[in-house]
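Trainee: I should like to take a close look at a single part of this structure. May I ask for a connected explanation of how that part is built and what surrounds it?

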Amino acid sequence: MNVTDKAIVKILRFDPKVGEEPRYQTYEIPPEGWKNRRVIDTIRYIYKNFDHSLAFRDWCHAGLCGGCAMVVNGEPILVCQQIAEREMTIEPHPKFEIIKDLVVDFEMMKGANR
Amino acid sequence: MRKIIIDQEKCVGCGDCALICPVSVYTYSPPPCQTACPINTDVLSYISSISQEKFDDALASIRQINPFPGITGHVCTQPCEKECLRGEIDEPVAIRALKRAATEYAQGSQHGKPVSMRGRGEKVAIAGSGPAGLIAAHDLAWLGYKVTIFESLPVAGGMLVVGIPEYRLPRKIIRAEIGQIEELGVQIRLNTKVGKDVTIDALFEQGYKAILLAVGAHESLKLEIPGEDQFDRVLDAVSFLRKVNLGNMDRIHGKAIVVGGGNSAIDSARSLLRLGCKEVNIIYRRTIKEMPAIESEVMEAEREGVKINYLVAPTRVLGKNGRVVGLQCIRTELGEPDNSGRAKPIPVKGSEFSMEADILISAIGQKPAPLFQQGSNLAVSTGDLIVVDSETLATNLPGVFAAGDAVTGPASVIGALAAGRRAAVSVSEYLGGKGLKQNRGKMMKAKAVSEDEIWWGTVPKSGRQKIRQVSIAERCVNFGEVELGLTGASAIGEARRCLGCGIFVHMDVRSCLGETCKLCADTCWKYAISIETKG
């Protein structure tokens with residue numbers, strides 16, 4: 001297997017309850033985990049095969065619920081609607097407070113509009 | 001860089017995009033008319049529908065929030081119009097008249113068949129079928145509760161029927177809208193007074209799980225002057241208006257005096273004219289500035305020939321052979337503000353004079369009837385008002401709530417509607433249902449858009465469209481409706497005066513999810529939003 005076929009994925013890990021500083025964790029993903037797949041599939045692949053403690057929202061997979069809003073390589077996107085790349089840095093959406101890892105508290109802004 | 005482009009010509013400011021955006025890109029400020037409305041009516045939506053000549057859509061969007069568009073379209077005190085930013089340019093938009101137009105010109109069925117949720121089956125009793133009781137019944141029935149309204153009078157509607165005269169609010173509109181509440185499965189038991197015919201404890205024993213007291217304020221305050229109780233034809237406004245509205249009042253000839261400056265006083269005076277009085281005098285101890293009555297009603301009363309004497313207070317009722325012949329009065333001047341924040345009238349010594357009268361109506365305020373509280377431990381304040389928690393409207397008895405005039409003292413229809421809705425939320429929360437919590441949050445948190453946040457460009461000045469009225473000569477002979485509303489064409493013209501101030505003040509483009517999301521663009525039913533990704 002060619003080394004370059006592996007994707008390097010950096011994910012911001014943070015659990016406010018534990019009290020550690022936020023840190024980036026790097027995963028090397030084989031081609032089946034990222035080639036021609038969506039970013040959400042890659043995150044699920046990591047969860048299934050590498051790290052069962054990763055927290056993320058995995059709701060509709062259809063770009064309808066908005067639950068998987070994250071920042072990939074600096075761009076806020078819905079990760080279920082984007083094809084994965086070879087090098088990715090995945091962070092939670094910066095506008096909201098982190099509940100754990102990639103899960104943020106969407107409710108905190110809702111009051112402003114209601 | 002992402003760019004959200006909103007086509008301002010298409011946008012109607014409905015706020016759907018703000019609600020669907022998962023990352024709250026939009027901060028939506030409702031227009032000031034909406035936040036001014038105690039029940040948070042989506043004014044902008046229905047006015048924009050009318051401006052596009054879609055009266056059906058307009059009525060549908062009013063009905064989403066307000067089950068009584070006809071009643072409020074006729075008699076709402078229109079707090080929205082005071083806040084309307086069009087008023088800064090020329091005159092505020094005639095919002096109430098437009099609501100009425102929506103009900104009058106909507107084609108086809110006036111309303112869809114009412115649907116209510118199934119599942120919950122708890123019985124809820126509501127005392128009083130006035131606006132507060134009716135909207136609570138509507139909301140609770142809609143949530144699936146079995147609602148029974150107990151009404152002490154022989155007609156349903158409370159003050160809408162026995163307080164507001166027919167020339168302001170035709171009875172067929174009240175009947176139609178109460179009929180729609182009954183279609184939801186709400187039972188109305190007439191001639192049954194809670195507290196007398198059936199007690200609160202008895203209701204709980206009959207299986208009612210919660211009780212809402214919306215009994216209104218149907219007892220007049222007394223003048224507390226000598227001679228008040230000695231003579232015939234000295235009436236209080238509530239019983240006078242009730243007699244008139246139930247058709248139990250004979251025609252009156254001669255002179256009449258009405259004491260007071262509220263809506264009851266104006267309604268009594270205008271009713272007296274229609275009953276045949278030659279001369280109607282209102283005496284009020286303060287000036288027109290302090291008068292609590294609706295300004296346009298005061299103007300109409302004066303145009304019809306009611307004389308209003310300001311800075312006059314009554315001191316003694318004069319009578320002869322058991323019948324009232326006049327009223328001794330004293331002139332007053334205004335002093336320091338009192339507890340109510342209004343200037344206190346001080347009698348001027350030696351300025352007594354008397355006025356002739358064949359009938360005297362006192363309309364100086366109302367309170368809930370005290371009979372109601374007998375035989376229960378319900379906490380009441382000194383003025384016989386029911387004491388409640390200001391947030392939840394719960395009384396000191398578990399499972400008993402109170403709303404409307406019985407809590408606040410006499411107020412407006414729209415205020416009673418807001419209180420009734422709030423009480424319905426509390427009842428449903430108390431019974432473990434879902435409630436309308438979201439709605440409650442919406443009412444409290446939203447902050448209106450301010451004038452500086454809007455850019456209008458240049459708006460050509462144009463005053464209000466004319467609201468048709470019956471001529472003075474024709475109107476004083478019977479109780480036919482005085483105001484005839486807008487014509488279809490002038491309603492459309494009036495709706496186009498609306499500036500549409502509900503806007504998205506802030507768009508936080510940095511957090512927008514761009515083309516991967518586009519939920520806002522997809523949800524926009526006017527196709528007004530497009531999202532561009534550059535670079």
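In β4(A), which residue is the bridge partner of A:A69?

Mentor: The model is a predicted one, and every statement that follows should be read with that in mind. The bridge partner of A:A69 in β4(A) is A:L78. This pair belongs to a ladder in which strand β3 (residues 69–72) of chain A and β4(A) run in the antiparallel sense, joined over 4 bridges. Further along, A:V72 stands opposite A:E75 in β4(A). The two strands form a hairpin with 2 residues between them. In that turn, A:N73 has a positive phi of about 50 degrees.

Strand β3(A) also has a partner in strand β5 (residues 87–92) of chain A, with which it pairs in the antiparallel sense over 3 bridges. Here A:V72 stands opposite A:I90 in β5(A). A:V72 thus faces A:E75 in β4(A) and A:I90 in β5(A). As a general principle, strands of a sheet pair through backbone hydrogen bonds, either parallel or antiparallel.

Consider next the two faces of the strand. In a regular strand the side chains alternate between the two faces of the sheet. In β3(A), A:A69 and A:V71 lie on one side, whereas A:M70 and A:V72 lie on the other. These four residues are all buried, and both faces of β3(A) are therefore covered.

The wider setting is an open sheet of 5 strands in chain A, with the order β2-β1-β5-β3-β4 and mixed pairing. Its edge strands are β2 (23–29) and β4 (75–78) of chain A, each of which pairs on one side only. Neighbouring strands of this sheet are turned by 30 degrees against each other on average, direction ignored.

One residue of the neighbouring strand deserves attention. A:E91 lies in strand β5 of chain A. Its relative accessibility is 23%, so A:E91 counts as partly exposed; the cut-off for a buried residue is under 20%. Leaving aside neighbours within four places in sequence, A:E91 is in contact with A:L12, A:Y24, A:M70, A:V71 and A:L102. Among these are A:M70 and A:V71, two of the buried residues of β3(A). A:E91 and A:K10 are 81 residues apart along the chain, and their C-alpha atoms are separated by 8.5 Å.

For a second example of reading burial and contacts together, turn to chain B. B:A156 lies in the loop between β4 (146–150) and α9 (159–162) of chain B. Its relative accessibility is 19%, so B:A156 counts as buried. Leaving aside neighbours within four places in sequence, B:A156 is in contact with B:S129, B:E151, B:V161, B:I178, B:I188 and B:L190. One of these, B:I178, is 22 residues from B:A156 along the chain, and the C-alpha atoms of the two are separated by 7.8 Å. Chain B has 535 residues, and buried residues make up 54% of them. Among its contacts between residues at least 6 apart in sequence, 71% join residues at least 24 apart.

Notes:
Residues are numbered from 1 along each chain as its sequence is written. Chains are lettered from A and ligands numbered from 1 in the order in which they are written. This is a predicted model: local features need pLDDT of at least 70, side-chain atom pairs count only at pLDDT 80 or more; totals for chains, interfaces and linings use all residues. Side-chain values use heavy atoms; hydrogens and water are left out. Two strands pair if DSSP finds at least two bridges between them. Axes are lines fitted to C-alpha atoms, for helices over the stretch in contact, and angles run from 0 to 180 degrees between N-to-C directions. Buried means under 20% relative accessible area, exposed over 50%, partly exposed in between (1.4 Å probe, protein chains only). Contact means heavy atoms within 4.5 Å.
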